[in-house]
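Okay everyone, thanks for coming. I've got one structure to walk you through today.

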Amino acid sequence: MAGAGADMEMDYTVHEAWNDATNVYLIAILVSFGLLVYARKNKRKIMRIFTVPPAVDPTPEPNFYDSLQKIRLRQQLEMYYIARKYDQQGQPDSVQLTVD
């Protein structure tokens, strides 16, 4: 009979351990579910934490089309300056054509 009592005691501890383990798993599942719900509601906040801000490039690469436009504008300004300078000198030898 002593052997039967020992078996009952062992069975009780196994059941107690099983209950404790299932309680831990239940808590882990509930915490995971809670984190999942929180993550769905606050997805943007969480993503903002993990995203790296873009690096600021101190010298952006110039656009080829923009540089051509600036060169053309500079040429036009130089030609305008030369034309104004020529007009201000007031050439006395200029020839005026008249249609009769």
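I'll go from the whole chain down to one surface patch.

So, this is a predicted model, where local features need pLDDT of at least 70, side-chain atom pairs count only at pLDDT 80 or more, and totals for chains, interfaces and linings use all residues. Residues are numbered from 1 along each chain as its sequence is written, and side-chain values use heavy atoms, with hydrogens and water left out.

The protein chain has three helices and zero strands, going by DSSP runs (H or I, at least four residues, for helices; E, at least two, for strands) numbered from the N terminus. Mean pLDDT, the predictor's confidence from 0 to 100, is 79 for the protein chain, with 70% of residues at 70 or more. Helix α3 (residues 64–89) scores highest, at 87, and α1 lowest, at a mean of 81.

How much of the protein chain is buried? Just 1% of its 100 residues, where buried means under 20% relative accessible area, exposed over 50%, and partly exposed in between (1.4 Å probe, protein chains only).

Now look at Leu35, in helix α1 (residues 2–41). Leu35 is exposed, at 54% relative accessible area.
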